[in-house]
Amino acid sequence: MKHRILSIVVVAVVLFAGRAPAAAVLRVVASIPDLADFARHIGGDLVEVQSLATGVEDIHAVPMKPLYAVTLNRADVLLVLGLEAEHAFIPGLLEAARNPKIMRDGPGYIDCSVYVLPLEIPTRIDRSLGDQHPMGNPHYNLDPVRMKDAARAIAEGLARNDMEHEAAYKRNLATYLATLDTAIARWQQEAAPLKGKLLVSYHPDMIYFAERFGMEAVGTIELRAGVDPTPSHIEELEKMMQEQKVTFVVRELHYPAGLAETVAQATGATLVQLPVMAGGLPQTQEYISFIEYNLRTMLDALPKGT
Ligand SMILES: [Zn+2]
């Protein structure tokens with residue numbers, strides 16, 4: 001009898017101890033606010049989510065703050081956009097954070113690009129061509145359809161690190177994807193007037209957004225990703241823009257305004273200023289409001305009679 005009571009106590013202790021970590025929330029750190037917003041929707045009460053970047057930065061040049069290493073040291077899971085988008089800060093921070101769970105080969109490292117089909121994959125590796133997009137264009141966060149693939153990767157990654165709640169993550173994923181699908185269907189209808197319009201942006205980060213909503217990104221003010229413009233490049237760009245009747249110059253908010261304004265003025269194109277991550281403006285904290293804002297801004301800027 002005594003033995004039996006002890007067994008029950010041991011079982012109870014094991015059960016209790018086993019339950020304790022599950023009751024604790026999964027600490028999720030995202031590189032950018034877009035992924036943090038997705039993780040909040042998919043993780044619900046089971047996760048505590050923080051983003052390193054606030055959304056106003058250049059994703060290729062987010063400063064490595066010491067506090068970020070502390071945050072990563074305590075993380076269970078790290079979400080990255082991938083395709084080397086975060087090359088400027090994530091590898092260095094991971095080294096400083098010394099957290100094996102979220103190292104590149106650890107269970108908590110979730111590369112959200114695994115199911116994403118990237119555009120502009122380089123056919124040859126040539127460092128002289130700049131090295132900001134070595135795996136293809138990483139700015140797929142501006143495409144709400146490709147972000148559904150990222151959502152799947154997030155749900156699977158959370159479940160992999162918290163198997164007990166796999167069903168909840170799957171359920172929340174389905175709910176969020178349905179919300180996103182409704183928004184996408186509405187956006188595609190609203191975007192009709194943008195169909196066939198051409199745009200030039202400062203950095204090659206508008207290609208997915210343009211394609212999704214029927215536009216075409218035909219050039220950049222930068223010579224190449226991460227390479228500053230030269231006077232002869234700007235001259236050629238302006239000539240091409242006039243010939244092809246480019247409608248928009250997009251100035252991403254973290255780039256200087258002057259040159260984008262000059263190019264727009266010289267070519268008769270309309271200047272639009274857009275954030276390229278959620279959180280880039282106070283009214284774009286959530287992913288859906290971010291895409292909504294960009295689409296609305298372009299529609300509102302569309303020259304009359306076009
Ligand atoms: Zn880029």
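This passage walks through a sheet, a helix pair and a cavity. The model is predicted, so local features need pLDDT of at least 70 and side-chain atom pairs pLDDT 80 or more, while totals for chains, interfaces and linings use all residues. Residues are numbered from 1 along each chain as its sequence is written, and side-chain values use heavy atoms, without hydrogens and water.

A good place to start is the sheet. Four strands (DSSP runs of E, at least two residues, numbered from the N terminus) form an open sheet in the order 2-1-3-4, with parallel pairing; pairing requires at least two DSSP bridges between two strands. At the edges lie strand 2 (47-51) and strand 4 (109-111), each pairing on one side only. From one strand to the next, the twist averages 20 degrees; angles run from 0 to 180 degrees between N-to-C directions, with axes fitted to C-alpha atoms, for helices over the stretch in contact.

Next comes a pair of helices (DSSP runs of H or I, at least four residues). The axes of helix 2 (residues 33-43) and helix 10 (residues 287-301) come within 9 Å and cross at roughly 135 degrees. The two helices are therefore oblique to each other, a term for angles that are not under 35, over 145 or from 65 to 115 degrees. Helix 2 contributes Asp34, Asp37 and Phe38 to the contact, and helix 10 contributes Tyr287, Ile288 and Phe290, where contact means heavy atoms within 4.5 Å.

Finally, the whole structure holds 1 cavity of 30 Å³ or more. A cavity is a set of points on a 1 Å grid over the protein atoms alone where a 1.4 Å probe fits but cannot get out, and lining residues have an atom within 4 Å of a point. The volume, the space filled by probe spheres set on the points, is about 60 Å³ for the largest cavity. Its lining includes His139, His203 and His254.

Definitions and conventions:
1 Å grid on protein atoms, 1.4 Å probe; cavity = no way out; pocket = protein on both sides within 12 Å on 5 of 7 lines; lining within 4 Å.
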